[in-house]
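Welcome, and please have a look at the protein shown here. Let us walk through its fold and its aromatic rings together.

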Amino acid sequence: MSFPAVARSSLRGSREMAPRPRGRGRFWEVDGGSGDRLERAAAESERWELLLRRGELLALGGHLKGALEAYAAALRRGAPVRPECLGTLVDCLVLNYRLRHGLGWSAARAAGADTGTGAGGLLSCLGCRGFLSEPVTVPCGHSYCRRCLRRELRARCRLCRDRLPPAAAAADAEGTTPRPPPLAAAIAASGFRTSVVLNHLAEKWFPGQLERARAAGRLGELLHEGRYREALAAACEALRAEPGNLTLKIYRAESYAGLQEFKAAIEDLNAVLFQLPNWPEVYFRKGKVLHDAGFLGDALQLFLQCLALDEDFAPAKLEVEKILFDLLSPENLKEGLKDSSWSSLPCTKNKPFGFPSVMEEPHSASEPSPEQSGERAEVPSEPVKGSLNRAQSAQAINAAGRPAREDGLKRVSSEPSLSVREKGALLKRKLSLLEQDVIVDEDGRNKLKKQGEPPSEVCTFSLASGDVPGELIDASDFECSLCMRLFFEPVTTPCGHSFCKSCLERCLDHAPYCPLCKESLKEYLADRRYCVTQLLEELIVKYLPDELSERKKVYDEETAELSHLTKNVPIFVCTMAYPTVPCPLHVFEPRYRLMIRRSIQTGTKQFGMCVSDTQNSFADYGCMLQIRNVHFLPDGRSVVDTVGGKRFRVLKRGMKDGYCTADIEYLEDVKVENEDEIENLRQLHDLVYSQACSWFQNLRDRFRSQILQHFGSMPRREENLQATPNGPAWCWWLLAVLPVDPRYQLSVLSMKSLKERLTKIQHILTYFSRDQSK
């Protein structure tokens, strides 16, 4: 890929050999000059497109050095790249960071995808791990506090990695943000409705913790409004009553950062990290503080540590994209940096750095990394949107009222004044700090924390983990408002109401609205996932095991009753169906939606098909249909692809939940044993088969193509006529395509003699052949 350099040198050479005069050209040379400029622009555009593609491929392959060089070369050529376009490069950088720090994929996933019982006990948020205040159940069935969803701290669910609803439901005007799924957008547009059942349990079981969580929420509102003094006073007062609450410490740190008291903010965040070293959000917040204070290199390390622990932490990825974009911009690449400026940083003393060292390939899996062979360095900080996004002056850390300690944090701008370009050039070298992570403890000293070192204090969030008092557990709190029984496979709608999955599906068969609040559930119906609310199910398993066992027993009995294929068999009263013949169905009535769903859920995937009868509701004979595929439409209707199976005779009729049922017995052809009779049957079969082929070939092309499109081609002749209980398949195919009265077809369907069936078909073909001859 050296051709861009060659092209540049050739163009340079041609310009040197035939330089253009500086004076104004003649008027007839204007068009030619414009054409040359257009050609050069097109060629340059093609070059940077190739460079961008090369950089992306190198990043996907994990070659950080080559990817950085390719992206930098593309930007030098004027490639219209935005920070959002560097996502692949960020992923490569994070992978490089993981490998250098011994954070393999399994370690990172383990840190980010732990079980949901955090410091908040069973009622804990999967995002912030604190008390689940204002719980919102997302489409995947997991629950987060409303604060985490509104601040968009995560792009995907921590456990299942399903996309979370964004706070901004629609894509931005330029289309840089991918449009979320309709259901996720509907949840966001509704304002993240809280789960009614989970919120009631939180208020009943933990009123004190819930009140403290609401107070913390009010702190967040103050910070969002920029009222940092009030937020700081409220946080300090709350911490005096609850000094071990890490959530309050984070809010206080954000208040300090908003007031540009960066050192105090760092101290609070370090205290949180000492207790919970694998909490990604705190790394992001600390990175934001350092970024606002001017410590771009340290901030980048913290953002990378955040992404190493949680690759779906969207705000951290966005910050790294912005930093890389600034770093790779042409003006920064042209700038150098004085060694004295770089050596002023405490973590870089006595260690040479350069841009090439940033792009070294990571250690292989077999080689021990520097961190694995010695002490592992601990990295700092975590994220929040809003008040920490403001550009702050770095002078606040060493303000007049706070004497700086000798080994404390030093500013990137410790030289009299570094320009933005110089900071960007410095940051290129700073990337090599991936090999060493430094945190600053509460005393302002650099500290390397040994791996596995236990925290010295007990940390708390808004709720100390523990069991719920027995007198507060009531089965009625877990009762479905539709069936008035204990929740079984509970699901939560976007409006916040919870029902049994089967109960809600039956309601949606009739109308796409919530049974309680009547809010539209069209997007929920179109999504059709109906994921079980995991937290609600876990609470039932833990606190109501006996009631759940009894409820499951009833459900299994109902399922076994629906699974029987001779008693109470569901009957679809519609049209004639035949063995081995496809029978596509358009299902739109609520009763048949329920019937089809039950056939799938029980695993039988079968139901009976009969034609209607004026006297007995449906005919005495029918055919079982096997479901091959179901295509659900957004409004709840479905197109069901079925094929005919066994024939049956109705013994007893019934009704269940609006659709017909029947006790049945299956029909089979009586086999012929005598050899002479078998030979006669074979001759009759061959004659009728030839007659059927002749009739089909003599049809008009339009009719023949329609039959082939709907029923497929005619089955071939079978060698063993009595191999199957229903006889040769071509007989049923022919009976399905012949325009015969259903009553006549029904009489043929009920026959148990192949000879009689062939004779009937012969009579029909003879009749239609006469019409063809006319």
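What follows is a short tour of this predicted model, from the overall fold to single rings.

## Overall fold

The protein is built with 30 helices and 14 strands. Of its 774 residues, 48% count as buried. If you look at contacts between residues at least 6 apart in sequence, 68% of them join residues at least 24 apart.

On the outside, the protein exposes about 37,500 Å², and carbon and sulfur atoms supply 51% of that area.

## Aromatic pairs

Now to the rings: the structure holds 14 aromatic pairs. One of them is formed by Phe284 and Phe303, with 5.5 Å centre to centre and 40° between the planes. How is this pair classed, given that angle between the planes? The angle is neither under 30 degrees, as for stacked rings, nor over 60, as for edge-to-face ones, so the pair counts as tilted.

This pair links distant parts of the chain, 19 residues apart. Phe284 belongs to helix H13 (residues 280-293), while Phe303 belongs to helix H14 (residues 296-309). Both Phe284 and Phe303 are buried.

Elsewhere, you can pick out one aromatic cluster made of Phe131, Trp205, Phe206, Phe478 and Tyr543.

## Charges over rings

Which charged residues should you look for over a ring? Lys646 lies over the face of Tyr666, at 4.9 Å from the ring centre. Another case is Arg653, whose charged end sits over the ring of Phe618, 4.8 Å from its centre.

Notes
Residues numbered from 1 in each chain as written. Predicted model: local features only at pLDDT ≥ 70, side-chain atom pairs only at ≥ 80, totals over all residues. Heavy atoms only, no water. Helix = DSSP H or I, 4+ residues; strand = E, 2+ residues; numbered from the N terminus. Buried < 20%, exposed > 50% of the residue type's maximum accessible area, 1.4 Å probe, protein only. Contact = heavy atoms within 4.5 Å. Areas by Shrake-Rupley, 256 points an atom, 1.4 Å probe, with all protein chains shown as cover. Phe/Tyr/Trp six-rings, centres within 6.5 Å; stacked < 30°, edge-to-face > 60°. Lys NZ or Arg CZ within 6 Å of the ring centre and 35° of its normal.
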